[in-house]
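Me: I would like to learn how to read a protein structure step by step. Could you look at this one with me and explain how you get to each answer?

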Amino acid sequence: MSETLLSSLRCGSHQAMAEIYQLYWEDIFDVALKKTGDEALAQDITQEIFISLWENRKTINLLSGLGAYLHGAVKYKVINSFRSGNLKAHHYMALSALTDEKDTITADNKLMLKELHLEVDAAIALLPEKMQQVFSMSRKQDKSIKEIASEMDISAQTVKNQISAALKLLKKSLSYILLMAVLIGLT
């Protein structure tokens, strides 16, 4: 990578950032995916790394080169993700218990579960139309990123970005559901 590109990045060039992103995003995503085994988490980590690079462009110290810096950032983000993983695992198990139809659930809890499903559907309905469509094809129809990209005539990266953005928006708008589940004793 040329010093000119790094210099342009430090000066706030969006073009330089776009070039760096194009050069490195796939490699960084692949490393994150290999380390986490979770595509959505790998997408989040990849985006966070490039956002951080942009936000810290003026103060970042790249002694060993940008590639080495980005790979180090992946390692750091994955470790942080695993550190908070215990909490995420607990929340995931709680949510799984809520949606597990095989568990015996009282009539009151069944009604609450139905209401929670309606809340999730309502949150999905608030997403932008294309994002809704991509998310639905991915999560409800179990289509691959390539299948979605082909059917919608958009790039695979756009599909990944749409899914990642949808997950972030849904996490934000539905974070209270786990608290509510704990409060009513469904977990």
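Me: Is Asp142 buried or exposed?
Reply: This is a predicted model, and the place of Asp142 in it is the loop between α7 and α8. Its relative accessible area is 65%. A residue counts as exposed when that value is over 50%, so Asp142 is exposed.

Me: What is the phi of Asp142 near?
Reply: Most residues other than glycine have a negative phi. Asp142 is not a glycine, yet its phi is positive. The value is near 55°.

Me: Thanks! Which residue in the loop between α8 and α9 should I look at next?
Reply: In that loop you will find Asp153. With a relative accessible area of 70%, it is exposed. It is not a glycine, but it has a positive phi of about 55°. The residue to look at is Asp153.

Me: What is the distance between the N and O atoms in the salt bridge of Glu151 and Lys143?
Reply: Here the side chains of Glu151 and Lys143 meet. Lys143 is partly exposed, at 23% relative accessibility. A salt bridge needs a nitrogen within 4 Å of a carboxyl oxygen, and in this pair the N to O distance is 2.7 Å.

Me: Which residues does Ser138 touch, leaving out those up to four places away in sequence?
Reply: Ser138 sits in helix α7, which covers residues 129-139. It has 10% relative accessibility, and under 20% means buried, so Ser138 counts as buried. Beyond its neighbours up to four places away, it touches Lys143, Ile148 and Ile163.

Me: How many salt bridges does the structure hold?
Reply: One of them is the pair of Glu151 and Lys143. Another joins Glu48 and Lys77, where the closest N and O atoms are 3.7 Å apart. The structure's count of salt bridges is two.

Me: How many residues apart are Glu48 and Lys77?
Reply: Glu48 belongs to helix α3, while Lys77 belongs to helix α4, residues 66-83. Both are partly exposed: Glu48 has a relative accessible area of 34%, and Lys77 has 22%. Their salt bridge links distant parts of the chain, and the separation is 29 residues.

Me: What span should α3 have, and how far apart are its end C-alpha atoms?
Reply: Helix α3 has 17 residues, and we allow 1.5 Å a residue. The expected span takes 1.5 Å times one less than the number of residues, so α3 should span 24 Å. That agrees with the model, because the end C-alpha atoms are also 24 Å apart.

Me: Which residues of α3 are buried?
Reply: To be buried, a residue needs a relative accessible area under 20%. In α3, the residues that meet this are Ala40, Leu41, Ala42, Gln43, Asp44, Ile45, Thr46, Gln47, Ile49, Phe50 and Leu53.

Me: And what does the span check give for α9?
Reply: We can use 1.5 Å a residue again for the 19 residues of α9. The expected span and the distance between the end C-alpha atoms agree. Each comes to 27 Å.

Me: Which elements give two or more residues to the lining of the largest cavity?
Reply: The space in this cavity is about 60 Å³. Its lining is formed by Tyr21, Trp25, Phe29, Gln43, Thr46, Gln47, Gln157, Lys160 and Asn161. The elements that give two or more of these are α2 (14-36), α3 (39-55) and α9 (156-174).

Me: How many nonpolar, polar and charged residues are in that lining?
Reply: Tyr, Trp and Phe count as nonpolar, while Lys counts as charged. The lining includes Tyr21, Trp25 and Phe29 as well as Lys160. By class, the lining has three nonpolar, five polar and one charged.

Me: How far apart in space are Lys58 and Cys11?
Reply: Lys58 lies in the loop between α3 and α4, and it is exposed, with a relative accessible area of 63%. In sequence, Lys58 and Cys11 are 47 residues apart. From C-alpha to C-alpha, their distance in space is 7.3 Å.

Me: Finally, how many helices and strands are there in the protein?
Reply: Along the sequence the pattern reads α-α-α-α-α-α-α-α-α-α. Buried residues make up 34% of the 187 residues. The protein's count is 10 helices and zero strands.

Definitions and conventions
Residues are numbered from 1 along each chain as its sequence is written. This is a predicted model: local features need pLDDT of at least 70, side-chain atom pairs count only at pLDDT 80 or more; totals for chains, interfaces and linings use all residues. Side-chain values use heavy atoms; hydrogens and water are left out. On a 1 Å grid over the protein atoms alone, a cavity is a set of points where a 1.4 Å probe fits but cannot get out, and a pocket is an open set with protein on both sides within 12 Å along at least five of seven lines; lining residues have an atom within 4 Å of a point. Grid points are joined across faces, edges and corners, and a volume is the space filled by probe spheres set on the points. Helices (H or I, at least four residues) and strands (E, at least two) are DSSP runs, numbered from the N terminus. Buried means under 20% relative accessible area, exposed over 50%, partly exposed in between (1.4 Å probe, protein chains only). Contact means heavy atoms within 4.5 Å.
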